[in-house]
Amino acid sequence: MNRRDLIACLCRLLRASEIDVTKLVLTAPYQYKHYRIPKRTGGMRDIFHPTPGLKAAQRWLVAEVLSELRVHPAVYSYVCGIGIRQHAEQHIHSNFLFRLDFSDFFPSIDLAWLEEFLLAEVQAGRLAVEPDVVPLLLRLVCRFSKADRTLALSIGAPSSPALSNAILFGIDDAAHRRCTALDCIYTRYADDLYVSTRHRGVLLTAELELRAIISKLAPKLNVNERKTANVSKKTKRIVTGLTLTPDRRVSVGRDMKRAIKTQVYLSINGQLSPEDTDRLCGLVAFVRDVEPAFFAALVVKFGDDVLERLLRRRLQGKVVQGESH
């Protein structure tokens, strides 16, 4: 694909003229709306949402241009048909667990790093575009930050997950190889890296080697030391928000179970607000997928019709939301 091919494809996608598409490419780094959402662990998270036209272009790029980029089998984030339950299950047979987290993950993947990566992928034949297309791709996937006047990936752009998975292939491959040699299991979910093992005393070596790999292959990534954790089976082990139980199962945890039971009871008695009911619908669908045994217990306690009604409400909400977009 050359520059003319890319512009032509975007013209057809957006039903726009060549002039309008060229303008979109030139101004793309500035076409983001900023808003904030609360973090699950407290504080606020900055989201930068691309305009509808740019979002459509980014989604098309992911499906049609970036789809051949490599994603390591040890990665469980942003992979179709795989979720946090499948990720957590990789570690249920280990007794010791180490977690490492990156700070400002997407914004750390900046223009220079992306350009070097994409050009290397073109040369290796894994990205089917001409080299002169790369500058256009970079403008379409990077956001301009007024704060530090840089171009980088952003939270909220549909192209950021795919590119982050691909650009970290080298780290994932090296980490997987070294951890396998140490009889450890390595996985990554977005900016969370997990290493687990059945052997005492091995994780320290694995951690040191993992940090060395990151320092060598991705020096722009910063480890969030506050979220680094090293735990054993004797303590609570959490993997992407799910609890690994002593009997080798994945659970949503006691606190969430207790909260869901309370909210279902309140919902039955008409004491839950519409907003809280919508959140409950999402939680019910979540536990059905993650911990079917607990969902079955909810059915026994509250009745199949109650749970089905909540799931149906969630499905209807998703349909309405899809139509509005």
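**Exercise 1. Find where Ala190 sits, and work out its backbone and its exposure.**

Step 1: Ala190 falls in the loop between strand S6 (185-189) and strand S7 (192-197); helices (H or I, at least four residues) and strands (E, at least two) are DSSP runs, numbered from the N terminus. Before going on: this is a predicted model, where local features need pLDDT of at least 70, side-chain atom pairs count only at pLDDT 80 or more, and totals for chains, interfaces and linings use all residues. Residues are numbered from 1 along each chain as its sequence is written, and side-chain values use heavy atoms, with hydrogens and water left out.

Step 2: Check phi. Ala190 is not a glycine, yet its phi is positive, near 60 degrees.

Step 3: Check exposure. Ala190 counts as buried because its relative accessibility is 9%; buried means under 20% relative accessible area, exposed over 50%, and partly exposed in between (1.4 Å probe, protein chains only).

**Exercise 2. Run the checks on Tyr78: which loop holds it, and is it buried or partly exposed?**

Step 1: Tyr78 belongs to the loop between helix H3 (52-64) and helix H4 (84-89).

Step 2: Its phi is positive too, about 60 degrees, although Tyr78 is not a glycine.

Step 3: At 43% relative accessibility, Tyr78 comes out as partly exposed.

**Exercise 3. Trace the contacts of Leu140 and Gln58.**

Step 1: Place them. Leu140 is in helix H7 (residues 134-141), and Gln58 is in helix H3.

Step 2: Leu140 has 0% relative accessibility, so it is buried. Gln58 is buried as well, at 0%.

Step 3: List partners, with contact meaning heavy atoms within 4.5 Å. Skipping residues up to four places away in sequence, Leu140 touches Leu10, Val25, Ala28, Tyr32, Leu54, Gln58 and Leu61. With neighbours within four places left aside, Gln58 meets Tyr32, Pro50, Leu140, Val141, Ala157, Pro158 and Ser159.

Step 4: Look at one pair. Leu140 and Val25 are 115 residues apart in sequence, but 5.9 Å apart in space, C-alpha to C-alpha.

**Exercise 4. Why does Cys179 have no bond to Cys184?**

Step 1: Take the cut-off: a disulfide is a pair of cysteine sulfur atoms within 2.5 Å.

Step 2: The closest cysteine sulfur to that of Cys179 is in Cys184, 5.5 Å away, so that's too far for a bond.

Step 3: Widen the search to the whole structure and you get zero disulfides.

Step 4: As for burial, Cys179 is buried at 3% relative accessibility, and Cys281 is buried at 1%.

**Exercise 5. Describe the lining of the largest cavity and of the second largest pocket.**

Step 1: Set the terms. On a 1 Å grid over the protein atoms alone, a cavity is a set of points where a 1.4 Å probe fits but cannot get out, and a pocket is an open set with protein on both sides within 12 Å along at least five of seven lines; lining residues have an atom within 4 Å of a point. Grid points are joined across faces, edges and corners, and a volume is the space filled by probe spheres set on the points.

Step 2: There is one cavity of 30 Å³ or more. The largest cavity holds about 40 Å³, and Leu61, Leu66, Leu118, Leu137, Leu138, Val141 and Leu163 line it. H7 gives the largest share, three residues.

Step 3: The second largest pocket has a volume of about 330 Å³ and 17 lining residues, with Trp113, Glu116, Phe117, Ile167 and Leu217 nearest its centre. H6 supplies the largest share of that lining, six residues.
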